[in-house]
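Reader: I'd like to go through this model with you and ask what stands behind each label. Could you show it first?

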Amino acid sequence: MEILSTLGLEGKVFIAQLINFLVVVFILKIILYKPLRKMLNERKNRIEKGLQDAADAKIALENAGEERKKILASAKSGADELTALTKASLEEIKIKLTQEAKNRSEQILEDAKQKAAMEFENMNRQIGKISVDISGKVMMHVFSSLFTDEEKNKILARALDKIEKVGYEKKSN
């Protein structure tokens with residue numbers, strides 16, 4: 001106790017102040033320290049969780065970048081493949097259409113040749129008939145002064161028969 005009096009403190013007052021101080025510390029610990037510590041721990045946990053989420057997001061972003069590159073490469077590959085396929089299809093269609101057009105033009109040309117040949121044949125027949133008619137009329141006119149009607153008819157029939165047998169078609173070639 002002498003030490004306390006040497007320092008200028010009274011023993012009873014000091015002990016009462018010490019008890020008061022301990023009571024205040026105990027009350028502060030119960031009322032303020034525990035909720036404050038709990039709040040600080042929650043805040044620390046939230047900050048750690050936020051940092052962990054940020055790190056996860058950074059990793060996810062990097063992975064997304066890699067995934068984006070893979071998707072773009074795959075899409076480009078698919079587009080290139082589709083382009084090549086389209087070009088091949090177009091070339092095939094072009095060849096097919098060209099062949100069809102060529103076949104169609106050959107068919108048209110063949111039809112035109114046949115039609116022209118038929119027209120030529122018809123014209124040739126008509127000219128032959130006309131020439132036979134004219135020949136008959138000329139012979140009738142020439143024979144009318146030289147022969148009797150019976151001789152004229154015989155000669156005319158024979159001449160026309162011979163003309164028809166020989167045919168005007170062979171002479172036209």
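Author: What follows is a set of questions on the labels used for this predicted model, with the reasoning behind each.

Reader: Let's begin with the fold. How many helices and strands does the protein have, and in what order do the elements run?

Author: There are 4 helices and 0 strands. Starting at the N terminus, the order is α-α-α-α.

Reader: What sets the protein apart from a compact globule?

Author: Look at the radius of gyration. A compact globule of 173 residues would come out near 16 Å, whereas the protein has 63 Å. The box filled by its C-alpha atoms says something too: roughly 195 × 25 × 20 Å along the principal axes.

Reader: And how much of it is buried?

Author: Buried residues account for 7% of the 173. To be in that group, a residue needs a relative accessible area under 20%. The accessible surface adds up to about 15,500 Å², and carbon and sulfur atoms hold 63% of that.

Reader: Where do the charges sit on average?

Author: The protein has 31 positive and 26 negative charges, and their mean positions are 5 Å apart.

Reader: On to the salt bridges. How many are there, and what makes Lys49 and Asp53 one of them?

Author: The structure holds 3. For Lys49 and Asp53, the N to O distance is 3.4 Å. The cut-off is 4 Å, so the pair qualifies as a salt bridge.

Reader: Why are Lys49 and Asp53 separated by about one helical turn?

Author: Because they are 4 residues apart in helix H2, which covers residues 11-146.

Reader: Why is Asp53 called partly exposed?

Author: Its relative accessible area is 38%. Partly exposed lies between the 20% and 50% limits, so Asp53 belongs there.

Reader: What about Lys76 and Asp80: how far apart are their closest N and O atoms?

Author: Those atoms are 3.2 Å apart. That is within 4 Å, so Lys76 and Asp80 form a salt bridge. Both residues lie in helix H2, 4 residues apart, or about one turn of the helix.

Reader: Why is Lys76 called exposed, and which label does Asp80 get?

Author: Lys76 has a relative accessible area of 53%. Exposed means over 50%, so Lys76 makes the cut. Asp80 has 43%, which falls between the two limits, so Asp80 is partly exposed.

Reader: How do you know that Arg125 and Glu121 make a salt bridge?

Author: Their side chains meet at 3.8 Å, N to O. The limit is 4 Å, so this pair counts as well. Arg125 and Glu121 are also both in helix H2, 4 residues apart, about one turn.

Reader: What makes both of these residues partly exposed?

Author: Arg125 has a relative accessible area of 37%, and Glu121 has 29%. Each value is between 20% and 50%, so both get that label.

Reader: Where is Ala157, and why does it count as partly exposed?

Author: Ala157 is in helix H3, residues 149-166. Its relative accessibility is 45%, between the limits, so partly exposed is the right term. The C-alpha atom of Ala157 is 9.1 Å from that of Gly136, with their positions 21 residues apart along the chain.

Reader: Last one: which elements have the lowest and highest mean pLDDT?

Author: Helix H4, residues 168-172, has the lowest at 48, and H2 has the highest at 92. For the protein as a whole the mean pLDDT is 88, and 95% of the residues reach 70 or more.

Technical notes:
Residues are numbered from 1 along each chain as its sequence is written. This is a predicted model: local features need pLDDT of at least 70, side-chain atom pairs count only at pLDDT 80 or more; totals for chains, interfaces and linings use all residues. Side-chain values use heavy atoms; hydrogens and water are left out. Helices (H or I, at least four residues) and strands (E, at least two) are DSSP runs, numbered from the N terminus. The radius of gyration is taken over C-alpha atoms; the globule rule is 2.2 Å times the number of residues to the power 0.38. Buried means under 20% relative accessible area, exposed over 50%, partly exposed in between (1.4 Å probe, protein chains only). Accessible areas come from the Shrake-Rupley method with a 1.4 Å probe; for residues, only the protein chains shown count as cover. Lys and Arg count as positive and Asp and Glu as negative; His and the chain ends are not counted. The place of a charge is taken as NZ of Lys, CZ of Arg, CG of Asp or CD of Glu. pLDDT is the predictor's confidence in each residue, from 0 to 100.
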